[in-house]
Amino acid sequence: MRKLVGLVLGIMAMYSAEAQQALQQGKWRAYLHRKDGNDIVWQFSLQWQANKPLLYILNADEKYKVDEVTLKGDSLFITMPVFESSFKARIIAKDSIAGEWIKGTPNGNTTMPFSATAKQPVRFATTGKALTNLSGKWSATFTSARKGGEGAPARALFKQQNNIGKGSILTPTGDYRFLEGVGDGN
């Protein structure tokens, strides 16, 4: 009986070590690939806890925990806790995955191609020092083509340190929270 228990524990330890070798820990740069050719770029951090993958979506100063992450063979399944969406991806290499993002809607699912890499974990790469600092309060107007170009007032609040800018846009109906970007040259 001891030999059987030892064998089972040995196989479990081998499987969990193999699973952890399947994906690299640390920061990843992720992309949602839009039909118009513009990517939505974001970051996540992948960690291993109790031999299970755990993600943190990184957005400016916010870290959003995602613990419904399943690894099955060469596939990774991520269920987002709040956004009624999920990711299905294939592991290409320990630092690269690709698949699709699925968003549930009243009319069925909407999907978008998705990929991520740990090879270049920086969200926004820069080539030079920012020549302008956008820190401060800014007046802004949101316009809508659906409403005939009618404008809605807003206020942008930004703090920039070196090349990295963070902030939010405040509107009468709420705020856009945790915006992040970079200044690059001029």
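## Exercises on strands, core and loops

Val122 is placed in the loop between strand 9 and strand 10 (136-144), where strands (E, at least two residues) are DSSP runs numbered from the N terminus. The model is a predicted one, in which local features need pLDDT of at least 70 and side-chain atom pairs count only at pLDDT 80 or more, while totals for chains, interfaces and linings use all residues. Residues are numbered from 1 along each chain as its sequence is written, and side-chain values use heavy atoms, with hydrogens and water left out.

**Exercise 1. Describe the surroundings of Val122.**

Start with accessibility: Val122 has a relative accessible area of 46% and is therefore partly exposed, the class that lies between buried (under 20%) and exposed (over 50%), with a 1.4 Å probe and protein chains only. Next, list the contacts, meaning heavy atoms within 4.5 Å: leaving out residues up to four places away in sequence, Val122 touches Arg29 and Gln43. Finally, compare sequence with space: Val122 and Gln43 are 79 residues apart in sequence, and their C-alpha atoms are 7.8 Å apart.

**Exercise 2. Work out which strands supply the largest nonpolar core.**

Begin with the core itself, which has 25 residues, those with the most contacts inside it being Leu23, Phe44, Ile97 and Phe114; such a core is a set of buried Ala, Val, Leu, Ile, Met, Phe, Trp, Tyr and Cys residues joined through side-chain atoms within 4.5 Å. Then turn to the strands: at least two residues of this core come from each of strand 1 (26-33), strand 2 (39-49), strand 3 (52-59), strand 5 (69-72), strand 6 (75-79), strand 7 (85-93), strand 8 (96-105) and strand 9. Strand 2 gives the most to this core, namely four residues. In soluble globular proteins, nonpolar side chains tend to be buried together. As a last step, follow Ile97, whose contacts beyond four places in sequence include Leu23, Trp28, Leu76 and Phe114.

**Exercise 3. Trace how Ser85 and Pro113 are each related to Trp101.**

Take Ser85 first, a residue of strand 7; its relative accessible area is 7%, so Ser85 is buried. The side chain of Ser85 makes a polar contact with that of Trp101 at 3.1 Å, a polar contact being a pair of N or O atoms within 3.5 Å, of which, within protein, one must be able to donate a hydrogen and the other to accept it, and residues adjacent in sequence count only if both atoms are side-chain atoms. Not counting residues up to four places away in sequence, Ser85 also touches Thr79, Met80, Ile102 and Lys103.

Now take Pro113, which lies in strand 9 (residues 108-117) and, with a relative accessible area of 47%, is partly exposed. Pro113 and Trp101 are twelve residues apart along the chain, with their C-alpha atoms separated by 6.3 Å. Beyond its neighbours within four places in sequence, Pro113 is in contact with Tyr31, Leu32, His33, Gly99 and Glu100.

**Exercise 4. Ala50 and Ala60 have positive phi values; decide for each whether it is buried or exposed.**

For Ala50, phi is near 50°, a positive value in a residue other than glycine. Ala50 sits in the loop between strand 2 and strand 3 and, at 78% relative accessibility, counts as exposed. For Ala60, phi is about 55°, again positive although the residue is not a glycine. Ala60 lies in the loop between strand 3 and strand 4 (62-66), and its relative accessible area of 18% makes Ala60 buried.
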